[in-house]
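Please open the model in your viewer and keep the sequence beside it. The tour below moves from one selection to the next and says what is to be found at each stop.

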Amino acid sequence: MSASASPADSVRTARPGDEGAIARIQVESWVSALGERLGPRRHSAFDVDAVAQGWSAAIAEPPSEGHQVFVAMGENGEICGFVACAPPKDLIALEVAPDRRRRGHGSRLLAAAADHMRAQGATTMRLWALEKDRVRAGYLSSAGFAEAGMRRELEGPGITIPEQLWQTDLTPDA
């Protein structure tokens with residue numbers, strides 16, 4: 001994580017009050033990735049307030065000591081991305097606001113997550129991603145992740161959302 005005194009282009013632990021920005025980024029990312037599959041209701045398909053309530057609980061009362069949410073701070077000190085870690089090896093979410101991508105925020109978030117997971121004893125890290133999200137697949141591949149050969153389907157707002165599992169090795173020799 002960045003030890004910079006400036007909040008710009010850094011990562012910090014999420015704190016109460018961050019859940020609104022996290023929910024907005026997550027919903028914007030879902031809508032961007034799912035696009036036309038959501039149909040004409042795509043901009044109202046997800047309840048941002050309900051998503052924020054879930055993140056509020058995850059930040060204020062994590063399910064275990066090892067669970068952690070980190071946020072990426074942009075050049076103006078605003079939250080522009082987040083990652084949620086659930087040891088022993090899962091990333092629950094990794095999202096950067098669609099208009100803030102390709103600026104290093106995802107890489108900083110992944111580095112913070114990897115450091116945290118290693119500190120929790122993890123030797124691998126894994127993440128579920130939308131099956132047809134070519135942009136994310138390219139990013140994960142470039143970050144050292146590989147498809148793990150597992151697939152699942154989630155029920156979304158009137159659609160089924162297929163995901164595939166990605167993983168990376170966290171051992172020092174990897």
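## A helix across the sheet

Bear in mind throughout that this is a predicted model. Begin by selecting helix α1, residues 19-34, together with the strands it lies across, namely β2 (68-73), β3 (79-86), β4 (90-96), β5 and β7. If you orient the view along β3, you will see that helix α1 runs at about 90 degrees to that strand.

## The sheet as a whole

Now select the strands in the order β1-β2-β3-β4-β5-β7-β6, which is the order of an open sheet of seven strands with mixed pairing. Its edges are formed by β1 (10-13) and β6 (146-155), each of which pairs on one side only. Looking across the strands, you will find that neighbours in this sheet are turned by 25 degrees against each other on average, direction ignored.

## From β5 to the edge

Continue with β5 (residues 124-130) and β7 (residues 160-169), which run antiparallel and are joined by seven bridges. Within β5, pick out Arg126 and look straight across to β7, where Gln167 stands opposite.

On to β6, which pairs with β7 in the antiparallel sense, over seven bridges. Here the residues to select are Glu147 and, opposite it in β7, Trp166. Following the chain from β6 to β7 takes you round a hairpin with four residues between the strands, and in this turn Gly158 has a positive phi of about 85 degrees.

## Two aromatic pairs

Next, display the aromatic side chains: how many aromatic pairs are there? The count comes to two. For one of them, select Trp30 and Phe46, whose ring centres are 4.8 Å apart and whose planes stand at 50 degrees, so that the pair is tilted. Because Trp30 lies in helix α1 and Phe46 in the loop between α1 and α2 (48-60), this pair ties together parts that are 16 residues apart in sequence. Are these two residues buried or exposed? Trp30 is partly exposed, with a relative accessible area of 26%, whereas Phe46, at 16% relative accessibility, counts as buried.

Finally, select Trp55 and Phe82, an edge-to-face aromatic pair with 5.1 Å from centre to centre and 70 degrees between the planes. Since Trp55 lies in helix α2 and Phe82 in strand β3, the pair ties together parts that are 27 residues apart in sequence. Both Trp55 and Phe82 are buried.

Conventions: Residues numbered from 1 in each chain as written. Predicted model: local features only at pLDDT ≥ 70, side-chain atom pairs only at ≥ 80, totals over all residues. Heavy atoms only, no water. Pairing = 2+ DSSP bridges. Helix = DSSP H or I, 4+ residues; strand = E, 2+ residues; numbered from the N terminus. Axes fitted to C-alpha atoms, helices over the stretch in contact; angles between N-to-C directions. Contact = heavy atoms within 4.5 Å. Phe/Tyr/Trp six-rings, centres within 6.5 Å; stacked < 30°, edge-to-face > 60°. Buried < 20%, exposed > 50% of the residue type's maximum accessible area, 1.4 Å probe, protein only.
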